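Trainee: Please take me closely through one part of this model, starting from a pair of packed helices and following their surroundings from there. I would like the reasoning set out step by step.

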Amino acid sequence: MRYINYLGTDAYTNIAMDSWLLYNLKLNEPVFSLWQDAPSVIIGRNQNTFAEINQDYIDQHDIPVVRRMSGGGAVYHDLGNICFTFFVPVSSSGEVNFKQFVQPMYDALHSLGIQAEISGRNDLEIDGKKVSGNAQRYAGGYLMHHGTLLWDADVDAMVHSLNVADEKFMSKAAKSVRSRVGNIKDYAPDITIEQFMAALQYYLTNNGQDGEYVLNDTQLAGIKQWRDERFSTWAWNYGASPTFDFNNHAKLPGGSIDVHANVTAGLIEDIDFQGDFLGVRDWRDIKDAFIGQPFEPAAIFRILEQHKEGQYFGTIDNLALSELFTGSQVEPERINS
């Protein structure tokens with residue numbers, strides 16, 4: 001099987017490349033790629049981004065959030081994680097056998113003496129610990145099957161990125177994740193990740209007999225366009241979230257407050273504030289300013305600052321109020337930049 005080299009470790013580019021190749025490569029033979037992302041969170045096609053990530057941690061560590069085309073759950077990528085993608089001509093989605101595309105990675109691991117097993121969910125496990133998760137997408141006669149191989153992933157960063165939780169529960173969550181997932185490095189201590197990837201590629205290319213499929217300039221330009229126009233945008237990565245209702249509560253120095261919002265395509269469709277705060281003016285006078293705005297703390301903060309003279313929420317601090325929207329810590333200097 002021939003391989004394709006991806007273009008570095010930028011998650012926006014790599015996820016765009018996965019999708020562009022699925023819809024546009026159109027080869028009559030299977031090809032594959034092994035690639036890596038710098039620290040990033042990859043969201044499933046049908047997931048609500050706002051509910052899946054710890055936006056505070058994401059912001060603090062400048063971690064990109066990218067929505068992929070395939071289903072499944074949110075995953076954390078870093079340079080201790082190896083991603084793989086197969087592009088396979090398939091005449092009908094009804095012919096897709098999930099296990100068929102997990103098998104090549106299973107065989108490759110066994111060729112290196114790593115005793116992986118295929119689980120009931122078609123993931124790969126070693127000693128009962130998950131080391132690989134997989135997802136698929138079918139389009140136009142082609143199947144994209146992609147997944148991850150945990151080589152030496154940062155479990156603490158994984159837990160903090162994917163779960164909005166009180167800090168006191170983080171260590172417990174990390175311990176729980178460690179008990180369920182494993183790093184392949186622990187079962188292959190004598191080789192580096194570079195050697196491991198090279199060995200995988202050698203196996204999957206029929207012991208090095210199959211070469212590289214080199215993308216041309218037109219194909220590379222198409223991938224870059226998809227990255228810039230879709231996969232690096234807020235509208236896709238956050239705005240494509242399903243419609244949802246949001247509720248949050250806080251007891252602040254200026255009074256207690258409940259926030260209720262209806263969100264569609266990542267934009268606020270309706271909003272309500274309730275509580276015992278002592279507003280000088282009725283906040284409903286500025287309700288329309290919130291409608292149609294992105295559901296994110298920075299947007300809320302801007303609106304509140306624009307109307308701060310009205311003291312619509314009494315002495316409640318605008319920054320504290322905006323932080324109720326997904327729990328992010330909003331930095332005014334970043335908002336104003």
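**From a helix pair to a pocket**

Mentor: In this predicted model, helices α1 and α8 count as oblique to each other, because the angle between them is about 120°, whereas the roughly perpendicular class runs from 65 to 115 degrees and the roughly antiparallel class takes angles over 145. Their axes lie 8 Å apart where the helices pack, and the crossing of α1 with α8, the helix of residues 217-231, is right-handed.

From α1, residues 11-24, the path leads on to the largest pocket, since α1 is one of the elements that each supply at least two residues of its lining. The others are β5 (75-77), β6 (81-89), β9, β10 (134-139), β11 (142-150), α5 (155-162) and α6 (170-180), and the largest share, 4 residues, comes from β11. The space in this pocket amounts to about 860 Å³, and its lining is made of 38 residues, with A74, V75, K130, G133 and T148 lying nearest the centre. Sorted by class, that lining holds 16 nonpolar, 14 polar and 8 charged residues.

Among the lining elements, β9 deserves a further step, as this strand also belongs to an open sheet of 3 strands, in the order β7-β8-β9, with antiparallel pairing. Strands β7 (117-118) and β9 (129-132) stand at the edges with a single partner each, so one side of each has no neighbour in the sheet. On one flank, β7 pairs with β8, residues 124-126, over 2 bridges, and I118 stands opposite L124 of β8. On the other flank, β8 and β9 pair over 3 bridges, where I126 has K129 of β9 as its bridge partner. The β8 and β9 strands form a hairpin with 2 residues between them, and D127 in the turn has a positive phi of about 55°.

Apart from the open pocket, the structure holds 1 cavity of 30 Å³ or more, and the space in this largest cavity is about 40 Å³. Its lining consists of L21, L22, L25, K26, L27, E29, F87 and Y142, which by class gives 6 nonpolar, no polar and 2 charged residues.

Technical notes. Residues numbered from 1 in each chain as written. Predicted model: local features only at pLDDT ≥ 70, side-chain atom pairs only at ≥ 80, totals over all residues. Heavy atoms only, no water. Pairing = 2+ DSSP bridges. 1 Å grid on protein atoms, 1.4 Å probe; cavity = no way out; pocket = protein on both sides within 12 Å on 5 of 7 lines; lining within 4 Å. Points joined across faces, edges and corners; volume = space filled by probe spheres on them. Nonpolar A, V, L, I, M, F, W, Y, C, P; charged D, E, K, R; others polar. Axes fitted to C-alpha atoms, helices over the stretch in contact; angles between N-to-C directions. Parallel < 35°, antiparallel > 145°, perpendicular 65-115°, else oblique. Left-handed = near helix turned anticlockwise from the far one by under 90°.
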